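Notebook open, coffee poured. I want to go through the ring pairs, the charges, one helix and one loop residue, in that order.

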Amino acid sequence: MSHTPDESTPGTQSAADAAPSFRSEVTVELVKHSASDSDVLWAARVSTAGEQSLEELQKDPERSKGLINFLMRDRHGSPFEHNSMTFFISAPIFVFREFMRHRVGWSYNEESGRYRQLESVFYVPGQSRKLVQQGRPGKYEFVEGTPAQHELTTRVMEDSYRQAYAAYQEMLAEGVAREVARAVLPVGLYSSMYATCNARSLMHFLGLRTQHELAKVPSFPQREIEMVGEQMEAHWAKLMPLTYGAFNANGRIAP
């Protein structure tokens, strides 16, 4: 695959010579999939049609919009598991630590700081990122930061990242093992992983990790993991438009 670490490519062995760089966005690529609305239909109809349910593969899924909506509304969830999507994701480490809370229906493989030198790419919030938290636990809201707060955040983060990465490089240069030296690096460092899920597990993720006007149950995700979720959602919506429509029509609650 195109994102497999390669010791000869720029940004691996050459990372030691690179000055830290800073990003405010995340990367989400759909690298492979086996996912369509017809996957839901034949899986659901096997309960009444047996082997004849395979005929659903040849039918127009639009004809079965009502069935998909019924399954979603009444929370018959297993037919939504017979599909697969694999995403390549590049995001700050703290985003991945939240990701790992989602275990059922997910598989992960993340780059290793034991086996490769970690690249000097770090997260700094963009100007649109709300910086100030108000309220008590369970009632938090975030409001815009002032220009001075944004300047302070950017300056302090970048200075901290530079110092941490310089310490990492110093230890590596003296022969300290990568798995030991990485301990000085902050969770704002970018990492990369492959994440594989099915539509049901993705719907559960989106119900918790995105805010949406159609959601019956409110969620309050950290903005950075929501950015990942929004991009994953856009890819999935194109693959399974009927399932996606039923998810929204029924309050964005996973079946």
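**Aromatics.** I started with the rings, keeping in mind that this is a predicted model. My search for aromatic pairs returned 13 of them. I picked out phenylalanine 99 and tryptophan 106: the ring centres are 5.7 Å apart and the planes sit at 75°, so I logged the pair as edge-to-face. The cut-off that matters here is over 60 degrees for edge-to-face.

Buried or exposed, I wondered, for phenylalanine 99? Phenylalanine 99 is buried, at 0% relative accessible area. Its partner, tryptophan 106, is buried as well, with a value of 9%.

Next I looked for rings that group together. I found Phe22, Phe122, Tyr161, Tyr165 and Tyr168 in one aromatic cluster.

I also checked for charges over rings. Arginine 129 turned up over the face of phenylalanine 142, and I noted 5.7 Å to the ring centre.

**Salt bridges.** On to the charged side chains. As a reminder to myself, side chains of opposite charge can pair when their charged atoms come close. Searching the whole structure gave me 15 salt bridges.

I wrote down a few of them:

- Arginine 23 bridges to glutamate 25, with 2.9 Å between the closest N and O atoms. I looked up glutamate 25 too, and it is partly exposed, with a relative accessible area of 38%.
- Arginine 223 bridges to glutamate 230, again with the closest N and O atoms 2.9 Å apart. Arginine 223 is partly exposed at 30% relative accessible area, and glutamate 230 is partly exposed at 34%.
- Glutamate 119 bridges to arginine 116, where the closest N and O atoms are 3.2 Å apart.

I stayed with that last one for a bit. Which residues are linked with Arg116 in a network of salt bridges? I got Glu111 and Glu119, which join Arg116 in that network. Then I pulled the accessibilities: arginine 116 comes out at 9%, which counts as buried, whereas glutamate 119 is partly exposed, with 31%. The buried label applies under 20% relative accessible area, so arginine 116 at 9% makes it and glutamate 119 at 31% doesn't.

**Helix H6.** I pulled this helix out of a protein that has eight helices and eight strands. H6 covers residues 199–209, and I listed its buried positions as Ala199, Ser201, Leu202, Met203, Phe205, Leu206 and Arg209. What caps the N-terminal end of H6? I found asparagine 198 doing it: a side-chain oxygen of asparagine 198 is 3.0 Å from the backbone nitrogen of arginine 200.

**Serine 64.** I went looking for this residue and found it in a loop, the one between helix H1 (37–49) and helix H2 (65–73). With 4% relative accessibility, serine 64 counts as buried. I then took the C-alpha separation between serine 64 and aspartate 37 and got 9.0 Å, for two residues that are 27 apart along the chain.

**Whole-chain numbers.** I left the totals for last. The protein has 255 residues, and I get 42% of them as buried. For the accessible surface I noted about 13,800 Å², with 51% of that belonging to carbon and sulfur atoms. I checked contacts as well: among those between residues at least 6 apart in sequence, 76% join residues at least 24 apart.

Terms used: Residues are numbered from 1 along each chain as its sequence is written. This is a predicted model: local features need pLDDT of at least 70, side-chain atom pairs count only at pLDDT 80 or more; totals for chains, interfaces and linings use all residues. Side-chain values use heavy atoms; hydrogens and water are left out. Rings of Phe, Tyr and Trp (its six-membered ring) pair if their centres lie within 6.5 Å; planes under 30 degrees apart count as stacked, over 60 as edge-to-face and the rest as tilted. Buried means under 20% relative accessible area, exposed over 50%, partly exposed in between (1.4 Å probe, protein chains only). A charge sits over a ring if NZ of Lys or CZ of Arg is within 6 Å of the ring centre and within 35 degrees of the ring normal. Helices (H or I, at least four residues) and strands (E, at least two) are DSSP runs, numbered from the N terminus. Contact means heavy atoms within 4.5 Å. Accessible areas come from the Shrake-Rupley method with a 1.4 Å probe; for residues, only the protein chains shown count as cover. A polar contact is a pair of N or O atoms within 3.5 Å; within protein, one must be able to donate a hydrogen and the other to accept it, and residues adjacent in sequence count only if both atoms are side-chain atoms. A salt bridge is a side-chain nitrogen of Lys or Arg within 4 Å of a carboxyl oxygen of Asp or Glu.
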